[in-house]
Amino acid sequence: MPTVLKNYINGQWCESRSSTLIEVINPATGQRICRVPAGCSQDIADAAESANQAWEIWRNTPAIQRIQYLFKMKHVLETHTDEIAAICTKECGKTFAESKAEMTRALENIEVACGIPTLMQSVFSEDIATGVDEFVIRQPLGVGACISPFNFPIMIPFWFMPYAIACGNTYIIKPSEKVPMTMTRIFELFETLNFPKGVLNMVHGGKEVVDAILENPFIPAISFVGSTPVAKHVYQLGTLNGKRVQAQGGAKNAVVVMPDAEIETTVRIIVDSAFGCAGQRCLAASVVITVGDVAEKITGKIVKLAQSKKTGNGMVGEVDMGPVITMESKERILRLIQSGIDEGAELLLDGRDVKVTGFEDGNFIGPTILGKVSAESEVYKTEIFGPVLSFINVKTLDEAIQLINLNRYGNSACIFTRSGAAARKFRHNALAGNIGVNIGVAAPMAFFPFSGWKESFFGDLHGQSSHAVEFYTQTKVVIERWNEEWSRKF
Ligand code: NAD
């Protein structure tokens, strides 16, 4: 891989037309690992034009042939899992095991998209009137694009891309400029699959490239994943330009612990959820809402287990938690912890001064836990996106649900209980798109849509599965009359 990354357009590696470069830093070492172009609108114009030309050939390639490329894609990624996971850990910081797990989720989406010949099937009604039939056909839209965030460099583009191309669209991926190497390596492997030129493209860059995607007339459908302010911007500008947009945003996920929860399992699952990927998961537990007196039974155990988690370079074995993505991110998280303390929270576990020998320039924060957090405080309301867990206590399940429902985000909400009635009430009333019952990270499998409500999602159809198929196709209704007499007369 070159030290200055290139775009992949029309089946070729090419330099960006922008000469501005962004440094890519290993978050565990603080060292520069490569540079990526900031990109410009002309890069997107080139990619969109080539993808649009390729679309004519690709949409007329039978679905059963299109998915043959996906079978090969799965194989080549699977056989390079360790190499890709190592690159992911190097630029993103998560542990090697977490990077490999991410690859598994990407592969599952390819597997589901291989069912496109069936997933694209539609409905047919014979004889809606005498000799008249009506049916629906699904057709691709043209050029699709994915704009992805830093925290899952492998998985997130696969929530969309395999479905889009299997449906007959061509595609452009814009990786996060913070973690551009992983997708670059994946595209090097895609090159060996011999897709028709222009079917799959990758353009690097930041805001200018995103805005160019939102303005480009050849791109009718855009999938975005990232923070809420940017998701809102992408949704508003994209739809203003007449595009289909699905924009997944930020999160502030609560887990409710009922007095009857099974304590040991609940403790283990909550700690994994809150501190896995250093809390940089959009489904990470960020707030524990304890109901009644369960706080006394569970808080100390969660603190003890969190304290045992080892923070360090994700490539080193025995490490449970890697660094956060950038120094700015670390500073923002430290400021939020301090604001929580200033607003009256109890500091139950302090990870601010964690030292990792040999990696003194890494962006490390150890697991941090705040007790008695106020629902009015900044730390409670703001998405932290780091290894910080807040505790808040309420008297009843209704109060817990009310707290969740007042939250501006609605990505996920989980409950820990042995009561079916409590679980059912929670599932029915909590305003969040992904619900977990005795589950800490309610991440839908590839054959379910990745939901998300309120300010965690702008749009209607989500990523993955049948939603992705609907998003990347348009339906055409056909009404046909065939009359035997005409054939006889001919
Ligand atoms: P981000 O919003 O900063 O960046 C996401 C993408 O938008 C990147 O490709 C970036 O280049 C681009 N971008 C950034 N600023 C922009 C701007 N002003 N205008 C146009 N484009 C811009 O997000 P991030 O920090 O990379 O990722 C973390 C965020 O993503 C968190 O908020 C997290 O909750 C969210 N996330 C959500 C989900 C979900 O499924 N809802 C999944 C993963 C991450």
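**Exercise 1. A loop residue with an unusual angle**

Task: Find where Lys372 sits in this predicted model, and work out whether Lys372 is buried or exposed.

Solution:
- Step 1. Go to the loop that joins β15 to α13 (378–381); Lys372 is found there.
- Step 2. Check the backbone angle: Lys372 is not a glycine, yet its phi is positive, about 50°. Most residues other than glycine have a negative phi.
- Step 3. Look at the accessibility. Lys372 has 64% relative accessibility, so Lys372 counts as exposed.

**Exercise 2. A second positive phi**

Task: Locate Phe385 and decide whether Phe385 is buried or exposed.

Solution:
- Step 1. Phe385 lies in the loop between α13 and β16.
- Step 2. Its phi is near 55°, which is again a positive value in a residue other than glycine.
- Step 3. The relative accessible area of Phe385 is 17%. Buried means under 20%, so Phe385 is buried.

**Exercise 3. Reading the sheet of 7 strands**

Task: Trace the strand order of the open sheet of 7 strands, then find which helices lie on the sheet.

Solution:
- Step 1. Follow the strands across: β14-β15-β16-β13-β12-β18-β19, with mixed pairing.
- Step 2. Now find the edges. They are β14 (346–349) and β19 (434–437), and each pairs on one side only.
- Step 3. Neighbouring strands here are turned by 20° against each other on average, leaving direction aside.
- Step 4. Zoom in on one pair: β18 (residues 412–416) and β19 run in the parallel sense, joined over 4 bridges. Within this pair, Cys414 stands opposite Gly436 in β19.
- Step 5. Add the helices. Helix α10 (residues 263–275) lies across β12 (253–257), β13 (285–291), β15 (368–371), β16 (388–394) and β18, at about 130° to β16. Helix α14 (residues 397–406) also packs on the sheet, where it touches β12, β13, β16 and β18. The direction of α14 makes about 155° with that of β13.

**Exercise 4. The sheet of 3 strands**

Task: Work out which strands stand at the edges of the open sheet β5-β6-β22, and pick out a bridge partner in β22.

Solution:
- Step 1. The order is β5-β6-β22, and the pairing is antiparallel.
- Step 2. β5 (124–129) and β22 (473–481) each have a single partner strand, so one side of each lacks a neighbour in the sheet; these are the edges.
- Step 3. On average, neighbouring strands of this sheet are turned by 30° against each other, direction ignored.
- Step 4. β6 (residues 132–140) pairs with β22 in the antiparallel sense over 9 bridges. One place to look is Val136, whose bridge partner in β22 is Val477.

**Exercise 5. Checking a helix, then its neighbour**

Task: Test whether the span of helix α4 (residues 96–113) agrees or disagrees with its 18 residues, and then examine Ser465 in α16.

Solution:
- Step 1. At 1.5 Å a residue, the expected span of α4 is 26 Å. The end C-alpha atoms are 26 Å apart, so the two values agree.
- Step 2. Several residues of α4 are buried, among them Glu98, Met103, Leu107 and Val112. The buried residues of α4 pack against α2 (63–79), α3 (81–92), α5 (116–119), α6 (161–166) and α16.
- Step 3. Move to α16 (residues 465–471), which holds Ser465. With 3% relative accessibility, Ser465 counts as buried.
- Step 4. Leaving out residues up to four places away in sequence, Ser465 touches Val112, Tyr163, Ala446, Phe447, Phe448 and Pro449.

**Exercise 6. Cysteines and confidence**

Task: Find how many disulfides the structure holds, and see which elements have the lowest and highest mean pLDDT.

Solution:
- Step 1. The count is 0 disulfides.
- Step 2. Take Cys88: the nearest cysteine sulfur belongs to Cys92 and is 4.9 Å away. A disulfide needs sulfur atoms within 2.5 Å, and Cys88 is in none. Cys88 is buried, at a relative accessible area of 0%.
- Step 3. Cys277 is in no disulfide either; the nearest cysteine sulfur, again that of Cys92, is 7.4 Å away. At 5% relative accessibility, Cys277 counts as buried.
- Step 4. Turn to confidence. The protein chain averages a pLDDT of 97, and 100% of the residues score at least 70. Among its elements, helix α17 (residues 484–489) has the lowest mean, 82, while strand β8 (residues 170–174) has the highest, 99.

Key: Residues numbered from 1 in each chain as written. Predicted model: local features only at pLDDT ≥ 70, side-chain atom pairs only at ≥ 80, totals over all residues. Heavy atoms only, no water. Helix = DSSP H or I, 4+ residues; strand = E, 2+ residues; numbered from the N terminus. Buried < 20%, exposed > 50% of the residue type's maximum accessible area, 1.4 Å probe, protein only. Contact = heavy atoms within 4.5 Å. Pairing = 2+ DSSP bridges. Axes fitted to C-alpha atoms, helices over the stretch in contact; angles between N-to-C directions. pLDDT = per-residue confidence, 0-100. Expected span 1.5 Å × (residues − 1).
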